[in-house]
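I set out to read one protein model entry by entry. My notes ask how its interior is arranged and where empty space is left.

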Amino acid sequence: MRAAKRIREDIMLFLFGGILYSLIEICFRGFTHWTMTVTGGLCFMIIYRHYEGNPNESMLSKCLYGMFVITAFEFAVGCAVNLMFRWNVWDYSALPFNLFGQVCLLFSALWFLLSVPIVWLCAVFRKKFALAAKF
């Protein structure tokens, strides 16, 4: 029963993160790509599970962790979809301090800042999941 509960939670986290990431991209770029929806879902789920297991971690540590996870996934997905498959979903090569045009210092800093509301959203989900477990 506990495994089924965790799977339901992970599906909810994945869908929420994927939709949220896609909406952020649409707001700032005007479009998104399905690979970004998957990436956002996985990132949110992983970040949530880390925060859940480390509730007393400092905000700075949580934001650094969030930044690292998102940047690492963005790099891995970018190498696959942009460099290997040549889908040209994004290209940061015109920005300073980029790595193969897939990640850059500016966006890593933005992921750090975005991790602040992610910490809050994870706390909201944690309360909702705890409340649901009581029923």
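The entries below record what I looked up, topic by topic.

**Ground rules.** I worked from a predicted model, in which local features need pLDDT of at least 70 and side-chain atom pairs count only at pLDDT 80 or more, while totals for chains, interfaces and linings use all residues. Residues are numbered from 1 along each chain as its sequence is written, and side-chain values use heavy atoms, with hydrogens and water left out.

**Entry 1: the core.** I began with the largest nonpolar core, a set of buried Ala, Val, Leu, Ile, Met, Phe, Trp, Tyr and Cys residues joined through side-chain atoms within 4.5 Å. For burial I used relative accessible area: under 20% is buried, over 50% exposed, and in between partly exposed, with a 1.4 Å probe and protein chains only. This core has 24 residues, and L13, F44, W90 and I118 have the most contacts inside it. Two or more of its residues come from each of α1 (2–29), α2 (34–53), α3 (59–84) and α4 (105–133). I took these elements as DSSP runs numbered from the N terminus, helices being H or I of at least four residues and strands E of at least two.

I then looked up which residues F44 touches, a contact being heavy atoms within 4.5 Å. Leaving out residues up to four places away in sequence, F44 touches L13, F16, G17, I118, L121, C122 and F125.

**Entry 2: the cavity.** Rolling a probe the size of a water molecule over the atoms shows where empty space is left. The search used a 1 Å grid over the protein atoms alone: a cavity is a set of points where a 1.4 Å probe fits but cannot get out, a pocket is an open set with protein on both sides within 12 Å along at least five of seven lines, and lining residues have an atom within 4 Å of a point. Grid points are joined across faces, edges and corners, and a volume is the space filled by probe spheres set on the points.

I found 1 cavity of 30 Å³ or more. The largest cavity has a volume of about 110 Å³. G17, L20, Y21, I24, G40, C43, F44, I47, I70, L114 and I118 line the largest cavity, and α1, α2 and α4 each give two or more residues to this lining. I sorted the lining by class, with Ala, Val, Leu, Ile, Met, Phe, Trp, Tyr, Cys and Pro as nonpolar, Asp, Glu, Lys and Arg as charged, and the others, Gly among them, as polar. The result for the cavity is 9 nonpolar, 2 polar and no charged residues.

**Entry 3: the pocket.** The largest pocket has a volume of about 320 Å³. I noted its lining as Y21, I24, E25, F28, R29, E74, W90, Y92, F107, L110, W111 and L114. Two elements, α1 and α4, give two or more residues to the lining of this pocket, and the largest share, 5 residues, comes from α1. By class the pocket lining has 9 nonpolar, no polar and 3 charged residues.

**Entry 4: buried E9 and R49.** E9 lies in helix α1 and is buried at a relative accessible area of 7%. Setting aside residues up to four places away in sequence, E9 touches R49 and F129. The C-alpha atoms of E9 and F125 are 9.1 Å apart, although 116 residues separate the two along the chain.

R49, in helix α2, is also buried, with a relative accessible area of 14%. Under the same sequence exclusion, R49 is in contact with R6, E9, D10 and L13.

**Entry 5: positive phi.** I noted N88, which is not a glycine yet has a positive phi of about 50 degrees. N88 lies in the loop between α3 and β1 (98–99) and counts as exposed at 61% relative accessibility. F100 has a positive phi near 55 degrees. F100 sits in the loop between β1 and β2 (103–104) and is exposed, at 57% relative accessibility.

**Entry 6: cysteines.** How many disulfides are there, counted as pairs of cysteine sulfur atoms within 2.5 Å? I counted 0 disulfides. The sulfur of C63 is too far for a bond, because the closest cysteine sulfur, in C122, is 11 Å away. C63 is buried, with a relative accessible area of 2%.

Note on methods:
A disulfide is a pair of cysteine sulfur atoms within 2.5 Å.
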